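Colleague: I am new to this entry and should like to learn how to read it. Might we go through it together, one feature at a time?

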Amino acid sequence: MSRLRASIHASLLLLPAVVLLAAFTHVPAVRTFIGALYTTPRGNRPEVFIGLGNYRHLLDDPVFWQAMANNVWYAALTIPLSVILALVMALAVDARLPGRAALRMAYFTPTVLPMIAVANIWLFFYTPGYGLLDQVLGLFGVAQTNWLGSRDTALNAVIAVAVWKEAGFFMIFYLAALQTIPHDLREAAAIEGASRFTFFRRVTLPLLMPTTLFVLVNAVIGAFRLVDHIVVMTRGGPDNATALLLYYIYEIGFRFWDSAYAATLTTVLLAILAVLAAVQFLFLERRIHYR
Amino acid sequence: MAEIVVDNLTKVWSGSPAVDGISFTCASGEFTVLLGPSGCGKSTTLRLIAGLEQPSAGAIAIGGRDVTRRSPAERGIAMVFQSYALFPHLSVAENILFGLKVRRVPRAERDERLKRAAQTLGLTQLLDRKPAALSGGQRQRVALGRAIVADAAVCLMDEPLSNLDAQLRQEMRAEIRGLQRRLGMTMIYVTHDQVEAMTMSDRVVLMRDGRIEQQGTPAELYDCPASGFAARFLGTPPMNLLPAAAGAGLAPDVPAAAEGSIGVRPERLRVDAPGHGLTATVEAIEYLGADTLLTLDAAGAKLIARTDGHARHRIGEAVGVSCAAGDLHFFDAGSGRRVEANGNGCNAPERGEGA
């Protein structure tokens, strides 16, 4: 009897959070899966069930494949670059050097700044002719480049912004993990004659693996989720050269108002993220030492 | 062959000396304990010998070679840390072999040495475990294993037993001592526990405020403490120290000094009927089984006496406390150092700093 009452109490306490989550997360998610199986209702034309029709359309959509390829390249560069940069920065500011608090803050600043503001600043850096980048390169006699306007450079230019933005965030996790590694491990290794590199490879890196997994999962999600700078800097252009999946979904859904097709793309994006997360956990989990 | 000579070693931390010009020699194969209260500089001294800190002045020689400016790895030492410093992600075997792998010892020899160390320490069944799956005592053994596979002639230990329970500590004391003897290692062992110092060492270096208070064999320190501090630091319960005026009545024919203090070990006190020596009241009785500790009050001066078996006394009872004149130790009022006044066999007490 009292157990029943306790579980009723517990359920009631959980109810507000469940209602909010269900209303704004779970129901829309399920609605998306279902919506992907119908046509988009327009005016007095109601939605019609077409099964996998939207997915068939997707396979024939060249812009989707372009966005997909862009996103793969984007992920393949931003993830390793930002994670490695984060680790290097964390190791740098973990050392005992003067002014390291200021340095830590400097590295972390990009994370705090709103992406919209950051993208606007970078827009100036990339401006052809009088932008910072061209001015500096001009000193070395390099010709003007339209970094964001050229198909060859636009994607890499937005990748640089993303790496710059993300690395500081990941650095904080690495820094926290580094500070939990007891100092006497380093001393014990020093007495055994281990070089700094050996210690890093045999002790620091393995002890950072749980953090690395966490950071990797976040980096993967970020590579598919962060498109603010695309909106500000290129709007997917030129000629879809910087169209990422989420940006493409945004365009389909809120500029062309094709909600059914947007739902289809969203389902695909979620499936990709789920698979990537599962792969990371299954493969890396076994090789990780958790304390 | 692995004699350690510490000469006038000094370490200054931001203006204040942690280790203040200390010198001692630890003969090859000898077990030396650096003893002292916390903050006395004993751990810093050990870390200086290990090369984990750089001395502000002075020199360290190991095996006749000046290693003052050498890296820890070049000193030919092994070290056991208070926290054990085991690598949490490596198994017991990998932890023990870490140094040999770093030094690129051939695989066959590595395996052989691991087998021997594991057998010596009873770790054979645990080689695949991670440190987190070991008890405190087992971790301690792994740390010892890492020290002995190195085959270093010198082993440094920093309070290795402080994280163990009393029972285990007693076992490990004997085991570490046995291991050191068997392997012929030159050992420097840091502790604040005088029991460890008394039971394990060939030689004790007692430190206080960065200086050596006294050094010698455990018996020398116990029988002839060089200062009131040394007298109180070794022995449980510690030596009784009384103002000279109050203590003079303990033994006949003691020159009544007006200043300084008189010390006497609890087991040297005789407790009789009033009339013998000082008159005192029994304040407390602690029965320990083999003996009993009596806390006595002699006109305001507190004394602890160790008597055999069950006490025949009652709390509040008046007794006479006395001892032989030779059992009294005299300490100077100002410096607290020993003053020779009678023939109790302590000639010219050995002082630190080569004085």
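Modeller: Let us begin with a term that will be needed shortly. A polar contact is a pair of N or O atoms within 3.5 Å; within protein, one of them must be able to donate a hydrogen and the other to accept it. Please also keep in mind that this is a predicted model. Between domain 1 of chain B and domain 2 of chain B, 4 residue pairs are in polar contact, with both residues at pLDDT 80 or more.

Colleague: Where do domain 1 and domain 2 of chain B begin and end?

Modeller: Domain 1 of chain B covers 4-223, and domain 2 covers 228-339. Their C-alpha centres lie 37 Å apart. To the contact, domain 1 of chain B contributes 14 residues and domain 2 of chain B contributes 10 residues.

Colleague: How many salt bridges are there between domain 1 of chain B and domain 2 of chain B, and which elements of domain 1 each supply at least two residues of the side that touches domain 2?

Modeller: The count of salt bridges between these two domains of chain B is 0. On the side of domain 1 of chain B that touches domain 2, helix H6 (194-200), strand E9 (203-208), strand E10 (211-216) and helix H7 (218-223) each supply at least two residues. That side of domain 1 divides into 7 nonpolar, 4 polar and 3 charged residues.

Colleague: How much area do domain 1 and domain 2 of chain B bury between them?

Modeller: The two domains of chain B bury about 1,200 Å² between them, with 62% of it on carbon and sulfur atoms. Of the area that domain 1 of chain B buries against domain 2, B:Gln194, B:Glu213 and B:Tyr222 supply 49%, more than any other three residues.

Colleague: Let us turn to the two chains. How many residues of chain B are in contact with chain A?

Modeller: The contact joins 23 residues of chain B to 18 residues of chain A. Chain B and chain A bury about 1,800 Å² between them, and 68% of that lies on carbon and sulfur atoms. In chain B, the residues losing the most area to chain A are B:Pro88, B:His89 and B:Phe98, together 31% of what that side buries.

Colleague: Which residues form the salt bridge between chain B and chain A?

Modeller: The count between the chains is 1 salt bridge. A:Glu187 pairs with B:Arg47, their closest N and O atoms being 2.5 Å apart. There are also 5 residue pairs in polar contact between chain B and chain A, both residues being at pLDDT 80 or more. On the side of chain B that touches chain A, helix H1 (42-50), strand E6 (77-80) and helix H2 (92-102) each supply at least two residues. H2(B) provides the largest share of that side, 4 residues. The side of chain B that touches chain A comprises 15 nonpolar, 3 polar and 5 charged residues.

Colleague: How many salt bridges does the structure hold over all chains?

Modeller: Over all chains, the structure holds 16 salt bridges. One of the pairs within chain B is B:Lys302 with B:Glu283, at 3.5 Å from N to O. This pair links distant parts of the chain, B:Lys302 being in strand E16 (residues 301-308) and B:Glu283 in strand E14 (residues 278-287), 19 residues apart.

Colleague: Where in chain B does pLDDT stay under 50?

Modeller: Where pLDDT is low, the predicted coordinates should not be read in detail. In chain B, pLDDT stays under 50 over residues 348-355, for which the model has 16 contacts beyond four places in sequence. The mean pLDDT of chain B is 87, and 94% of its residues reach 70 or more. The model scores ipTM 0.81 and pTM 0.80.

Definitions and conventions: Residues numbered from 1 in each chain as written. Chains lettered and ligands numbered in written order. Predicted model: local features only at pLDDT ≥ 70, side-chain atom pairs only at ≥ 80, totals over all residues. Heavy atoms only, no water. Contact = heavy atoms within 4.5 Å. Buried area = accessible area lost by both parts, 1.4 Å probe. Salt bridge = Lys/Arg side-chain N within 4 Å of Asp/Glu carboxyl O. Polar contact = N/O pair within 3.5 Å; in protein donor to acceptor, adjacent residues only side chain to side chain. Nonpolar A, V, L, I, M, F, W, Y, C, P; charged D, E, K, R; others polar. pLDDT = per-residue confidence, 0-100. Domains from an automatic or database assignment.
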